[in-house]
Amino acid sequence: MTNLKHLFSPLTIRDVTIRNRILSTGHQTFLASKGKITDELIAYHEARAKGGVGMIILESARFHKSSISNLPEIHITSDEHIDGFRKLAASIHQHGAKVIGQLSHSGRCSQMRRDGLRGVVYAPSAIPDHRFHTMPRAMPTEMVDEIILSVGQSAKRIADANLDGVEILVSHGLLFAQFINEETNERNDKYGGSFENRMRALCDSLKAIRKAVGTKRIVGIRISVEELEPNGMEEDVAQAACKFLSDRGLVDYINTTIGSMAGPGGSIHVVPPMEISNGYVVPQAKAIRKATGLPVFVAGRINQPQDADQFISSGDVDMCGMTRAMIADEQMPNKAASGNLDSIRACIACNQGCIGHFHQGYSITCIQHPVSGRETKLSNPTISENLKNVLIAGGGPAGLKAAVVAAQSGHKVTLCETSHELGGQVNLAVKLPGRNEFGGLISNLMAELGQLNVKAHLNTKVTRTFVEKQAPDALIIATGSKAYWPKIEGKDDAHIVDSNQVLLEKVNPGGRVLIADWRCDWVGMGIAEKLALTGRHVRLAVNGIQAGMELQPYQRDHLIGKLHRAGVEIIPYARLFGVDEDTAYLIHTVTHDPILCEEVDTVVLAYGTSADTQLENELVGLNIQTHLAGDCLSPRTAEEAILEGMQAAFSI
Ligand SMILES: Cc1cc2nc3c(=O)[nH]c(=O)nc-3n(C[C@H](O)[C@H](O)[C@H](O)COP(=O)(O)O)c2cc1C
């Protein structure tokens, strides 16, 4: 049993008793369709309710036509939406968790695309947004009145669907925050001017919600403790707003976060990447708890139940948002409750499968846990009817995942790795500055393997002879990829190294370095930071439109900020062509004009890898069921490797 007794103590707000202090904060899944809740979205949340979460706050629901775009978001604009909410609530309730509906309007922080066209964006005042590049139209007074009316009507629908309460978004620099902040509210009607007037749209909305949901259900807000943007809401204003609401009895809880969508810097904190420390919002959440005396929730990189228990027991906050923690492992609360902490697949905040998929317009998932977000299409393994001897060649993410899933399916697994350690390229990735936590992906898989009693054979190269001798029923090839060097004119005259050699510290780059970054991801940027921090002069020549163009935007922008501070010069649209003793010759990727970089001591290639097909080629003609997974098919990321490792094991 658990000794995390504070985390697993119930919390009662109004007539709602929440079984523990673990919260899934609102997060868009892109599992909705045409504004409606789908079976996929229900299956996603039901899995988390079964996994033991205390309360789920649903993703932002659009309540007014002025903030509806073509995105696969949920709407609550008419009674036809009630049914979906009702089914979803029932599926969550049956497993003992509580559920809250979240109402949202983005105001100026909106991309607003409808059928490929830019829609008209409405906000308190015509002040531009610095992330989405929208110039909003100021809402007429009647429109604000209508918004408040819609909030009340939508809250009524949420209550009719039998949810336990309603939360309204005042966070992330969105509409109601724009009203409160005098920098984004230049109105001279009853919704602008004095602080009281700027609070009016929110206060009247909260009154409308209370009227709609009655006295038994919970009403709360989500607010950023500060927005971390120039002209964004500052901590004192956020605190004053919370106190204003609590003094008037308008809210039952304050759900805190940090950041704003009004610019790239503030946006990083909407879903903070791994370099940002665990639970970093807690001190400011605690200050709001002290100022208001209300139950306060917090989120932001809380991925371990032990940390959450500590935040609750010390009286800092009342509930801990552990959102990505449960995207990565929906059973985390149950595992923590039963004291089985070692079996938790901890979130590493890589932002690839969750917010990364979302930003590309796809449903969310987790790179470590491909079933997440795919509950109706992919199941966790069950014992196979046809048990086999399975040989797996390669102990990187693909091979490890294949080994775990094959063993969970009951097969007898032999896992072989050529090198002296498991992990494959993850062992290189963790050497990039701030990326150490990425190694959690391997330690989580190794922990699962350990529990399944699968032993890995290290320093064991799988060859044709080896396979013939073992005679497995099935073979999974997951041999990964090897460093790729392009053809470079004059390469013998210059000091050229590759990113792996730098990360393994097998080479000593000179004082003036040019990084030829074909990958446009973590590697070129990370090496630039690493070398710049040692005092070297670093230029990052990017074979793309910007450094990190392949990365999730919050992750990319966090790295861009670090490179800016480290003094790295970034040259976009630049492809390496040739070198001589102290010059790198690049071409502009659009005009093909030369770009000359002089005074270069070392060129570092961040050119990625090419598939290792040696074993596959050796085995041609051998009659053994064979599956390929990961980089040996084609070099990509750990996400594809893990999914393909799982699929390969399922195909046996
Ligand atoms: C895919 C994704 C979508 C999100 N969408 C929302 C949203 O609709 N409403 C909201 O308040 N927060 C949203 N968030 C932010 C989360 O609620 C949470 O604050 C964030 O993930 C940090 O908490 P964590 O470290 O526990 O994951 C989203 C997060 C993710 C990963």
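These legends describe close-up views of a predicted model.

**View 1. Helix H19, enclosed by its surroundings.**
Helix H19 covers residues 522-532. Eleven of its eleven residues are buried, so the helix is largely enclosed by the rest of the structure. The buried residues include Trp522, Val523, Met525, Ile527 and Leu531. Two charged residues, Glu529 and Lys530, are also among the buried ones. What lies over them? The cover includes helix H18 (499-503) and helix H20 (553-566). It also includes strand S22 (512-517), strand S23 (537-542) and strand S28 (602-606).

**View 2. A negative patch on the surface.**
Five residues form this patch: Asp492, Asp493, Glu581, Asp582 and Glu598. Look at Asp492 within the patch. Asp492 is found in the loop between strand S20 (481-483) and strand S21 (496-498). Is Asp492 buried or exposed? Its relative accessible area is 71%, and exposed means over 50%, so Asp492 is exposed.

**View 3. The salt bridge between Glu80 and Lys36.**
The structure holds 29 salt bridges. One of them joins Glu80 to Lys36, with the closest N and O atoms 3.5 Å apart. Glu80 lies in the loop between S5 and helix H2 (82-93). Lys36 lies in the loop between strand S3 (22-24) and helix H1 (39-50). The pair therefore ties together parts that are 44 residues apart in sequence. Lys36 counts as partly exposed, at 35% relative accessibility.

**View 4. The salt bridge between Lys190 and Asp145.**
Here the closest N and O atoms of Lys190 and Asp145 are 3.4 Å apart. Lys190 lies in the loop between H4 and H5, while Asp145 lies in helix H3 (residues 141-160), so this pair ties together parts that are 45 residues apart in sequence. Lys190 is partly exposed, with a relative accessible area of 39%. Asp145 counts as partly exposed too, at 32%.

**View 5. Asp252, Arg210 and Arg14 in one network.**
Asp252 forms a salt bridge with Arg210. The closest N and O atoms are 2.7 Å apart. Asp252 sits in the loop between helix H7 (235-247) and strand S13 (253-257), and Arg210 sits in helix H6 (residues 200-213), so the bridge ties together parts that are 42 residues apart in sequence. Are these two partners buried or exposed? Both Asp252 and Arg210 are buried. Salt bridges that share partners join Arg14, Arg210 and Asp252 into one network.

**View 6. Arg187 in a loop.**
Arg187 is placed in the loop between helix H4 (175-180) and helix H5 (195-198). At 10% relative accessibility, this residue counts as buried. What is Arg187 in contact with, leaving aside its neighbours within four places in sequence? Its contacts include Ala123, Pro124 and Ser125. Met139, Pro140, Thr141 and Val144 are also among them. So are Phe179, Gly192 and Gly193. Arg187 and Ala126 are 61 residues apart in sequence, yet their C-alpha atoms are 9.7 Å apart in space.

**View 7. Ser67 and its contacts.**
Ser67 lies in the loop between strand S4 (55-62) and strand S5 (74-75). Why does Ser67 count as buried? Its relative accessible area is 6%, and buried means under 20%. Neighbours within four places in sequence aside, Ser67 is in contact with Arg62, Ser104, His105, Ser106 and Met112.

**View 8. Ile442 in helix H16.**
Helix H16 spans residues 440-451, and Ile442 is found there. Ile442 counts as buried, with 5% relative accessibility. Leaving aside neighbours within four places in sequence, Ile442 is in contact with Pro397, Leu400, Leu422, Gly423 and Val426. Take Gly423 from that list. Gly423 and Ile442 are 19 residues apart in sequence and 5.8 Å apart in space, C-alpha to C-alpha.

**View 9. Thr465 and Leu619.**
Thr465 is found in helix H17 (residues 464-470). Thr465 is exposed, with a relative accessible area of 56%. How many residues separate Thr465 and Leu619 in sequence? They are 154 residues apart along the chain. In space, they are 9.4 Å apart, C-alpha to C-alpha.

Technical notes: Residues are numbered from 1 along each chain as its sequence is written. This is a predicted model: local features need pLDDT of at least 70, side-chain atom pairs count only at pLDDT 80 or more; totals for chains, interfaces and linings use all residues. Side-chain values use heavy atoms; hydrogens and water are left out. Patches are made of residues with over 30% relative accessible area and no salt bridge: like charges are joined within 9 Å, nonpolar side chains (Val, Leu, Ile, Met, Phe, Trp, Tyr) within 5 Å. Accessible areas come from the Shrake-Rupley method with a 1.4 Å probe; for residues, only the protein chains shown count as cover. A salt bridge is a side-chain nitrogen of Lys or Arg within 4 Å of a carboxyl oxygen of Asp or Glu. The place of a charge is taken as NZ of Lys, CZ of Arg, CG of Asp or CD of Glu. Helices (H or I, at least four residues) and strands (E, at least two) are DSSP runs, numbered from the N terminus. Buried means under 20% relative accessible area, exposed over 50%, partly exposed in between (1.4 Å probe, protein chains only). Contact means heavy atoms within 4.5 Å.
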